[in-house]
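Q: I have a structure in front of me and would like to learn how to read it step by step. Could we begin with a single side chain and then widen the view?

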Amino acid sequence: MKKIICKVEYDTENATIVAKYTNGELGDPKGYEETLYQTAEGKYFIYENGGADSVHPEENIKRLAANKVNDWKNERGL
């Protein structure tokens with residue numbers, strides 16, 4: 001998935017996976033995944049996707065400030 005945020009392209013195919021959080025089982029309508037990526041330029045973003053009844057019912061990309069990466073990981077027990 002690609003998304004442009006503030007004139008910066010975030011692309012899951014051209015970034016490195018740093019961490020992944022999964023909540024629920026495959027096929028669970030309330031289940032979802034959040035994958036933390038880092039671009040070659042050092043920028044971080046989260047790819048979100050989940051079931052119809054989850055907190056992420058649609059694919060999305062959100063940028064994440066470098067100083068918030070550890071907070072995100074700690075909140076998810078990673």
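Q: Does Lys62 count as buried, partly exposed or exposed, and at what relative accessibility?

A: Please keep in mind that this is a predicted model. A residue counts as buried under 20% relative accessible area and as exposed over 50%, with partly exposed in between. At 42% relative accessibility, Lys62 therefore falls in the partly exposed class.

Q: With which residue does Lys62 form a salt bridge, and how far apart are the closest N and O atoms?

A: A salt bridge is read from distance, since a side-chain nitrogen of Lys or Arg has to lie within 4 Å of a carboxyl oxygen of Asp or Glu. Lys62 forms one with Glu48, and the closest N and O atoms are 3.8 Å apart. Lys62 belongs to strand S6 (residues 60–64) and Glu48 to strand S5 (residues 44–50), so this pair ties together parts that are 14 residues apart in sequence. As for cover, Glu48 counts as buried, at 7% relative accessibility.

Q: How many salt bridges does the count come to?

A: By this rule the count comes to four salt bridges. One of them is formed by the side chains of Glu33 and Lys20, with an N to O distance of 3.6 Å. Because Glu33 lies in strand S4 (residues 32–38) and Lys20 in strand S3 (residues 16–23), the pair ties together parts that are 13 residues apart in sequence. Glu33 is partly exposed, with a relative accessible area of 33%, and Lys20 is also partly exposed, with a relative accessible area of 45%.

Q: Which residues are joined into one network by salt bridges that share partners?

A: Here one starts from a single pair and then looks for shared partners. Glu75 forms a salt bridge with Arg76, where the closest N and O atoms are 3.2 Å apart. Salt bridges that share partners join Glu34, Glu75 and Arg76 into one network. Glu75 counts as exposed at 63% relative accessibility, whereas Arg76 is partly exposed, its relative accessible area being 22%.

Q: Where does His56 lie, and is it buried or exposed?

A: For a residue in a loop, it helps to ask about its place, its cover and its contacts in turn. His56 lies in the loop between S5 and S6, and it is buried, with a relative accessible area of 10%. Once the neighbours within four places in sequence are left aside, His56 is in contact with several residues, including Tyr32, Glu33, Glu34 and Glu48.

Q: In what order do the elements of the chain run from the N terminus on?

A: The secondary structure comes to one helix and six strands, and from the N terminus on the elements run β-β-β-β-β-β-α.

Q: What radius of gyration does the chain have, and how does it agree with a compact globule?

A: The idea is to set the value for the chain beside one expected from its length. With 78 residues, a compact globule would have a radius of gyration near 12 Å, and the chain has 13 Å, which agrees. The C-alpha atoms fill a box of roughly 35 × 25 × 20 Å along the principal axes, and buried residues make up 35% of the 78 residues. Among contacts with a separation of 6 or more, residues 24 or more positions apart account for 34%.

Q: How many positive and negative side chains does the chain have?

A: The chain has 11 positive and 14 negative side chains, and the centres of the two sets lie 8 Å apart.

Technical notes:
Residues numbered from 1 in each chain as written. Predicted model: local features only at pLDDT ≥ 70, side-chain atom pairs only at ≥ 80, totals over all residues. Heavy atoms only, no water. Helix = DSSP H or I, 4+ residues; strand = E, 2+ residues; numbered from the N terminus. Buried < 20%, exposed > 50% of the residue type's maximum accessible area, 1.4 Å probe, protein only. Rg over C-alpha atoms; globule rule 2.2 N^0.38 Å. Contact = heavy atoms within 4.5 Å. Lys, Arg positive; Asp, Glu negative; His and termini not counted. Charge placed at Lys NZ, Arg CZ, Asp CG, Glu CD.
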